[in-house]
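These are my notes from going through one structure, written in the order in which I looked things up. I begin with a helix and then work outward to its surroundings.

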Amino acid sequence: MTSQRILAAGGLLLFLLSTAYSVYYDVFLRQELHLALLYNLDMALNMATKGDLAMAGAFARDYAWFAQAAYYHARIPVHLAAAGAMTATVLWLAGKLDVSERMKRVLSLFLVAGGLVLAAGDWLQASGRLPIGRYLVLTGYAWLLLGLLGYTLYAALFAWLSAAPKPRRRPKSC
């Protein structure tokens with residue numbers, strides 16, 4: 001599979017996953033998380049006014065956990081769409097670069113896999129597995145950065161080398 005096909009199929013996959021997760025979040029999760037937030041906030045305030053500070057603290061911690069989960073769930077489609085947009089930009093550039101196809105393939109895989117790993121890390125953080133989720137998010141960002149920097153360096157080198165003045169040949173005299 002060529003680098004351009006990896007970028008096209010991977011970008012389309014990232015955009016489709018972004019849309020699918022957005023629909024899943026809006027249909028199934030958003031209302032449930034919103035009601036859990038309201039319930040925990042209401043109970044924390046009620047317990048605090050009644051003087052039961054231990055229960056108020058417990059409901060406040062639950063409120064914070066649900067707020068954090070909603071935040072991470074909302075980041076997933078954004079990260080998938082952003083990674084898909086990155087692949088679209090690089091797809092335009094990949095055809096113009098005169099670089100080994102193997103290197104372009106590796107950089108393309110870094111971009112696509114980086115977006116998927118980034119979304120998986122956010123999902124793990126939303127599920128409550130914060131340490132491993134943070135490491136996956138950092139890994140996803142690193143892979144995206146490697147892919148983008150690789151293509152940027154190759155594009156800069158290609159532009160620099162193709163813009164270098166070429167020696168002129170003297171016209172042959174008879």
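**Helix H4.** I looked up the length of helix H4 in this predicted model, and found that H4 covers residues 130–163, which makes 34 residues. From its first C-alpha to its last, H4 reaches 49 Å, close to the 50 Å expected at 1.5 Å a residue. I then asked which residues of H4 are buried. My list reads Leu-130, Gly-133, Val-137, Gly-140, Leu-144, Gly-147, Gly-150, Tyr-151 and Ala-155. As to where these buried residues of H4 pack, I found them against H1, helix H2 (53–94) and helix H3 (101–126).

**Tyr-151 and the cores.** Next I followed Tyr-151, one of the buried residues of H4, into the largest nonpolar core, which has 22 residues. Tyr-151 is among the members that touch the most others there, together with Leu-7, Tyr-25 and Leu-111. The elements that contribute two or more residues to this core are H1, H2, H3 and H4. I listed what Tyr-151 touches, not counting residues up to four places away in sequence, and obtained Ser-3, Leu-7, Val-90, Leu-93, Ala-94, Leu-97, Lys-104, Leu-107, Ser-108 and Leu-111. I also noted a second, separate core of five residues, which includes Met-43, Met-47, Ala-56 and Phe-59.

**General rule, for the record.** In soluble globular proteins, nonpolar side chains tend to be buried together.

**Overall form.** I stepped back to the whole chain and counted four helices and zero strands, in the pattern α-α-α-α when read along the sequence. How does the radius of gyration stand against that of a compact globule of 174 residues? The globule would be near 16 Å, but I find 24 Å for the protein. The C-alpha trace spans about 110 × 25 × 20 Å along its principal axes. Buried residues make up 34% of the 174 residues, and the accessible surface comes to about 11,200 Å², of which 68% belongs to carbon and sulfur atoms. Taking contacts between residues at least 6 apart in sequence, I noted that 78% join residues at least 24 apart.

**Aromatic pairs.** I searched the whole structure for aromatic pairs and found six. One of them is formed by Tyr-21 and Tyr-24, which I recorded as tilted, at 5.6 Å centre to centre and 55 degrees between the planes. Both tyrosines lie in helix H1 (residues 3–50), three residues apart, about one turn of the helix. An α-helix has 3.6 residues a turn, so residues three or four places apart point the same way. I then asked whether each of the two, Tyr-21 and Tyr-24, is buried or partly exposed. Tyr-21 is buried, because its relative accessible area of 13% is under the 20% limit, whereas Tyr-24 at 38% counts as partly exposed. For Trp-65 and Phe-66, I noted ring centres 5.2 Å apart and planes at 80 degrees, so I entered this pair as edge-to-face. Trp-65 is partly exposed at 39% relative accessibility, and Phe-66 is likewise partly exposed at 23%. Ring pairs also link Tyr-21, Tyr-24 and Phe-28 into a cluster.

**His-73.** I looked up His-73 and placed it in helix H2. His-73 counts as buried, because its relative accessibility is 10%. Leaving aside neighbours within four places in sequence, I found His-73 in contact with Tyr-21, Tyr-25, Leu-29, Leu-33, Trp-123 and Ala-126. Tyr-21 in this list is the buried ring from the tilted pair above, and Tyr-25 is one of the residues named for the largest core.

**The loops.** Which loop holds Val-99? I found Val-99 between H2 and H3, in contact with Lys-104 and Tyr-154 once neighbours within four places in sequence are left aside. From Val-99 to Gly-114, 15 residues further apart along the chain, the C-alpha atoms are separated by 22 Å. Last, I turned to Arg-129 in the loop between H3 and H4, which is partly exposed at 41% relative accessibility. Apart from its neighbours within four places in sequence, Arg-129 is in contact with Trp-123 and Leu-124, and Trp-123 is also on the contact list of His-73.

Methods. Residues are numbered from 1 along each chain as its sequence is written. This is a predicted model: local features need pLDDT of at least 70, side-chain atom pairs count only at pLDDT 80 or more; totals for chains, interfaces and linings use all residues. Side-chain values use heavy atoms; hydrogens and water are left out. Rings of Phe, Tyr and Trp (its six-membered ring) pair if their centres lie within 6.5 Å; planes under 30 degrees apart count as stacked, over 60 as edge-to-face and the rest as tilted. Buried means under 20% relative accessible area, exposed over 50%, partly exposed in between (1.4 Å probe, protein chains only). The expected span of a helix is 1.5 Å times one less than its number of residues. Contact means heavy atoms within 4.5 Å. A nonpolar core is a set of buried Ala, Val, Leu, Ile, Met, Phe, Trp, Tyr and Cys residues joined through side-chain atoms within 4.5 Å. The radius of gyration is taken over C-alpha atoms; the globule rule is 2.2 Å times the number of residues to the power 0.38. Accessible areas come from the Shrake-Rupley method with a 1.4 Å probe; for residues, only the protein chains shown count as cover.
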